[in-house]
Amino acid sequence: MATKPETLAALDDRYNALHALVGGIDEPHGTWQGAVGSWSVVNVLQHIDGWLVEMGEGLQRLARGERAMREGADYSNADAWNAKFVEVRGDQSMAQALAAFERSHAAFRAAAAAIPDERYGDGRTANRIVHLAALEHYAEHREQIEAYLSGSCD
């Protein structure tokens with residue numbers, strides 16, 4: 001998926017699959033610790049929300065013709081970023097975390113759509129950001145949450 005239309009279509013598909021899954025999770029199952037490691041589904045959504053906001057800003061910079069990554073940003077310690085994203089969002093209900101995910105995805109998708117078509121292609125920055133921050137991320141966590149639900153909701 002190298003072209004902009006292909007990338008955006010894949011983004012829509014992955015979002016819809018994850019949203020369909022998490023949108024049906026009730027409050028107790030959403031807040032139980034242990035869905036993914038020690039995290040609840042709420043924590044997973046908070047973590048995704050954080051990355052979407054952070055990388056969405058990178059896409060906005062890219063659309064303006066700037067470097068995607070802000071000066072001095074170091075993403076090499078993903079665990080620290082993940083913990084920060086969850087901590088900053090604090091105590092949220094399943095409904096609040098889902099609403100935040102919906103908003104951040106919409107903003108991320110709009111930022112991706114604003115990038116000129118010629119900035120997309122194999123190995124291009126726009127593709128890498130969308131792929132890592134959303135496409136792979138959504139699929140990975142959807143699989144983990146499905147496994148959690150199949151084991152805990154019997």
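What is the volume of the largest pocket? The volume is about 260 Å³. A pocket here is an open set of points on a 1 Å grid over the protein atoms alone, where a 1.4 Å probe fits, with protein on both sides within 12 Å along at least five of seven lines. Grid points are joined across faces, edges and corners, and a volume is the space filled by probe spheres set on the points.

This is a predicted model, in which local features need pLDDT of at least 70 and side-chain atom pairs count only at pLDDT 80 or more, while totals for chains, interfaces and linings use all residues. Residues are numbered from 1 along each chain as its sequence is written, and side-chain values use heavy atoms, with hydrogens and water left out.

**Stop 1: the pocket**

Select Trp51, Met55, Tyr75, Leu132 and Ala133, which lie nearest the centre of the largest pocket among its 13 lining residues. Lining residues have an atom within 4 Å of a point. Next, colour helix H3 (41–63), helix H4 (78–89) and helix H6 (125–152), since each supplies at least two residues of this lining. Helices are DSSP runs (H or I, at least four residues), numbered from the N terminus. H6 gives the largest share of the lining, six residues. Sorted by class, the lining has eight nonpolar, four polar and one charged residues. Ala, Val, Leu, Ile, Met, Phe, Trp, Tyr, Cys and Pro count as nonpolar, Asp, Glu, Lys and Arg as charged, and the others, Gly among them, as polar.

**Stop 2: H3 against H4**

Keep H3 and H4 on screen. Their axes come within 8 Å and cross at roughly 110°, which makes H3 roughly perpendicular to H4 (the term covers 65 to 115 degrees). Axes are lines fitted to C-alpha atoms, for helices over the stretch in contact, and angles run from 0 to 180 degrees between N-to-C directions. On the H3 side, the residues to show include Asn43, His47, Trp51 and Glu54; on the H4 side, they include Ala78, Trp81, Phe85 and Arg89. Contact means heavy atoms within 4.5 Å. The residues of the contact between H3 and H4 divide into six nonpolar, five polar and three charged.

Now centre on Asn43, in helix H3. Is Asn43 buried or exposed? Asn43 counts as buried, at 12% relative accessibility (buried means under 20% relative accessible area, exposed over 50%, partly exposed in between, with a 1.4 Å probe and protein chains only). Leaving aside residues up to four places away in sequence, Asn43 touches Gln33 and Val86. Gly30 is 13 residues from Asn43 in sequence, with 8.8 Å between their C-alpha atoms.

**Stop 3: the loop before H3**

Select Gly37, in the loop between helix H2 (27–31) and H3. Gly37 is exposed, with a relative accessible area of 66%. Measure across to Tyr148: the two residues are 111 residues apart along the chain, and their C-alpha atoms are separated by 10.0 Å.

**Stop 4: H1 and H5**

Move to H1 and helix H5 (residues 94–114), which pack at an angle of about 175° with axes 11 Å apart. That makes H1 roughly antiparallel to H5 (over 145 degrees). From H1, the contact residues include Leu8, Leu11, Tyr15 and Leu18; from H5, they include Leu98, Phe101, Glu102 and Phe108. The residues of this contact divide into 11 nonpolar, two polar and four charged.

Within helix H1 (residues 4–22), pick Ala17. Ala17 is partly exposed, with a relative accessible area of 33%. Ala17 and Glu102 are 85 residues apart in sequence and 13 Å apart in space, C-alpha to C-alpha.

Finish on Gln96 in helix H5, which is partly exposed at a relative accessible area of 43%. The C-alpha atoms of Gln96 and Val42 are separated by 8.6 Å, with their places 54 residues apart along the chain.

Technical notes: Angles under 35 degrees count as roughly parallel, over 145 as roughly antiparallel, 65 to 115 as roughly perpendicular and the rest as oblique.
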